[in-house]
Structures are given as C-alpha cells and as structure tokens.
Amino acid sequence: MNRWIKIAGNVLTVLAVGFVIWKLASQHIDYSALLSRQAIVPLLVIVVAQTLIVIANGLPWTLLVSAITDTKISFRQTCPVYLKSNLMKYIPGNIFQYVGRNEFAARYDVSHIKIASATIVDVALNVLSGFIISLLFFRSYIFDVVAHNRFVAIGAVICAAGLLALLVVIYAKRQWVKGVASRYSYLLSGRSIVTILECLAYYLFVLFAGGVLFALVVYWLLGEPFQLSSSLILVSAYTLAWLVGFITPGAPAGIGIKEAVMIGAVSATVASPAAITLAMVVTRIIMTIADVLAFLAIPLITRAGKQPVSSDSHQAESTDAQ
C-alpha cells in the first residue's frame, strides 16, 4: 500500500507541474512588462518573500504531526512531502494537496489516521486565522453581505439543520462516540493544545504578511505612496478573498474565486476594478512562481539527509533526564 501511495504521489506531482505551466501560459499576460528595469527589483523581492513564506508554512504542520504522533520529527523530514503536496493544489478538486501529505505516513511508517488528523487541524487553523483577520478591518462589508444575501441565509439554515442533525446522531450513538473520543484523546493533550495555539499565532502572522505583500503589489502597480489605512483594508479584503477561495470546493488554488471577491469588495473604495484585477493577476503569478521555487528548493532543504522517525525518541529523552 505504501508503495502505491508513493507512486500516486509522484503521478499527482507531475500533473500539478503540468497544471501550473498551463495556468501561467493561459493568463495572456505580457511577462516582458513585469521584467522591465523598474519592475524587476521589487518583483524579485516579493517573489523571494513569498517563496520563504511557502517554505515556512510547512513548520506548523510539522509541529502538529510531531505532537499528534508523539514523535520527534524534523522539518527536513516533512518538507519534501509538504512542498510536493502544496503544488498539488493546482489540480482541480482542491483536495489533493491534503491527501498528498499522507505520503509522509507511507515514507516513515507512521499512522495514516494521525497524519490525517494533523492535516485536518492544520486546515481548521488556516480557516480560523483567515476569519479573524478578515474581521479586523472588514467587518462591515462581511456583515452587510451576510445580511443582504439570501444564499448566505439559505446556507446558514442548512448548516444549522446539519448541526442539529449531527447533535441528534451524537446523542443516539453516544457510547460509540465516547469510544472514538477516547481513541483520539491525544488531540486534547496539553502538548497538542500548546502546539495548536502556536500554529494559530503563526498563521495569523503569515496571513497578515501575505495581505501586506498584496498591498505592496497594489501600490507598486499604481505608482502611489504606501497608505496605512487603505493597506489595512486591503489586507483584510485579500485575506477574505483567500478564505473564500480556500473553502470553495473544486476551485484549484481558489483561481477565479479570489479575484471575484476582491473586485467586489474593494474596487469601489481603494482602487479601480482594473487596478485590483491587475494586482490579483500579478499576485497570482508571484504566488505560482513561489510555489514552484519552494518545490525546487526541496533538495537544498533536505541536503543534510533523512533522519528516521523514532517513536522512542521522547522516551529516551525522558530516561536521560531521569
């Protein structure tokens, strides 16, 4: 099974690279304009910053995997799988980047369920962080959309009905639920809770930084000086657009969804629709290049070689301490 999982991961990686090339070629952008003498330096700075963010995004998942599996796992072990699966988000379906992470379980003979649990917690923290930042400076817009959009109201009713049905099922199957909860009690251990809070703080910082990078792209394209008030609005709006694209099923890397939300949210107040559209396209190109560069950086990050995952590492450390 592990052998087939590795083969499937390699096939999906090849498909992901193909989709990235196709997306870049289908943008119909004059890339020579982005490589002009005036644009090349700020563009390179933003690309490098975004690449570092993509690579560093594997750190929270590494911490979660280490805490949930109760093993000492290094970033060098997780980063090949994480950065490889990250590229799979360009494959239609919007799930392969998460399924691909379970290749780590196949590589190091770790529980697939625990790796999947770490991924689920990681995704939940991403969503929660995006929601918090979106509310910081964009509350009025969000509340206005929720109040005047009937589809949101219908969705809220459906979610409430689903939650009620889930509670009824949990009560009816409470003995079974109690048994399952006891098996996954490690998710509520002290170490896991501390790790979850650390990862939440990290994602809040990184998503805010990503919004700042987008604001810099907007002002760079407009040729205007940086403005704090407008930038904070752009940060929250961009995070909201990312969040909607992130949770929309079937949209590869949120393509099309993020752009539509961004244009509807701030094009009438901060900048013109044309400027926002151009900034989103340029940001999309930067992020795609950053994803590819992060993938190509795997050999550099793992140069020190692989280390075996040892479930006895914590026990050995505690024995030495005693």
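This report describes aromatic pairs, salt bridges, a nonpolar surface patch and two residues with positive phi in a predicted model.

## Aromatic pairs

The model contains five aromatic pairs. One of them joins Trp61 and Tyr82, whose ring centres are 6.3 Å apart. The planes of these two rings meet at 35°, so the pair is classed as tilted: stacked pairs have planes under 30 degrees apart, and edge-to-face pairs have planes over 60 degrees apart. Trp61 belongs to helix α4 (residues 58-69) and Tyr82 to helix α5 (residues 75-86), and the pair links distant parts of the chain, with the two positions 21 residues apart in sequence. Trp61 has a relative accessible area of 0% and is buried. Tyr82 also counts as buried, at 7% relative accessibility.

Another pair is made by Phe104 and Tyr108. Their ring centres lie 4.8 Å apart with the planes at 45°, so this pair is tilted as well. Here both partners come from helix α7 (residues 103-108); because they are four residues apart, about one helical turn separates them. Phe104 is buried, with 0% relative accessible area, and Tyr108 is buried at 14%. Trp61, Tyr82, Phe104 and Tyr108 together form one aromatic cluster.

## Asp291 and its surroundings

Where does Asp291 lie? Its place is in helix α14 (residues 273-296). The residue is buried, with a relative accessible area of 2%. Leaving out residues up to four places away in sequence, Asp291 touches Val54, Asn86, Leu87, Lys89 and Tyr90.

Two of these neighbours are also partners in side-chain interactions with Asp291. With the side chain of Asn86, the Asp291 side chain makes a polar contact at 3.1 Å. With Lys89 it forms a salt bridge, the N to O distance being 3.2 Å. This bridge links distant parts of the chain: Asp291 is in helix α14, while Lys89 is in the loop between α5 and α6 (96-99), and 202 residues separate the two. Lys89 is buried, with a relative accessible area of 17%; the limit for that class is under 20%.

## Other salt bridges

How many salt bridges does the model contain? The count comes to four, and the bridge between Asp291 and Lys89 is one of them. Another is formed by the side chains of Arg101 and Asp122, with an N to O distance of 2.9 Å. Arg101 is located in the loop between α6 and α7 and Asp122 in helix α8, so the bridge ties together parts that are 21 residues apart in sequence. Both Arg101 and Asp122 are buried.

A further bridge, between Arg107 and Glu103, has an N to O distance of 3.3 Å. Both residues lie in helix α7, four residues apart, or about one turn of the helix. Their exposure is as follows: Arg107 is partly exposed at 27% relative accessible area, whereas Glu103 is buried at 5%. Arg107 and Glu103 also belong to a network of salt bridges that includes Lys84.

## Nonpolar surface patch

Which residues form a nonpolar patch on the surface? They are Leu128, Ile132, Leu136 and Phe137, and together they have about 310 Å² of accessible area. Ile132 is found in helix α8 (residues 112-148), the helix that also holds Asp122 of the bridge to Arg101. The relative accessible area of Ile132 is 33%, so the residue is classed as partly exposed.

## Residues with positive phi

Asp70 is a residue other than glycine with a positive phi, near 55°. Asp70 sits in the loop between α4 and α5, the helices that carry Trp61 and Tyr82 respectively. With a relative accessible area of 43%, Asp70 is partly exposed.

Asp109 is not a glycine either, and its phi is positive, at about 55°. The residue lies in the loop between α7 and α8. Is Asp109 buried or exposed? Its relative accessible area is 68%, so Asp109 is exposed, the class for values over 50%.

How values were computed
Residues numbered from 1 in each chain as written. Predicted model: local features only at pLDDT ≥ 70, side-chain atom pairs only at ≥ 80, totals over all residues. Heavy atoms only, no water. Phe/Tyr/Trp six-rings, centres within 6.5 Å; stacked < 30°, edge-to-face > 60°. Buried < 20%, exposed > 50% of the residue type's maximum accessible area, 1.4 Å probe, protein only. Polar contact = N/O pair within 3.5 Å; in protein donor to acceptor, adjacent residues only side chain to side chain. Contact = heavy atoms within 4.5 Å. Patch = residues over 30% accessible without salt bridge, like charges linked within 9 Å, V, L, I, M, F, W, Y side chains within 5 Å. Areas by Shrake-Rupley, 256 points an atom, 1.4 Å probe, with all protein chains shown as cover.
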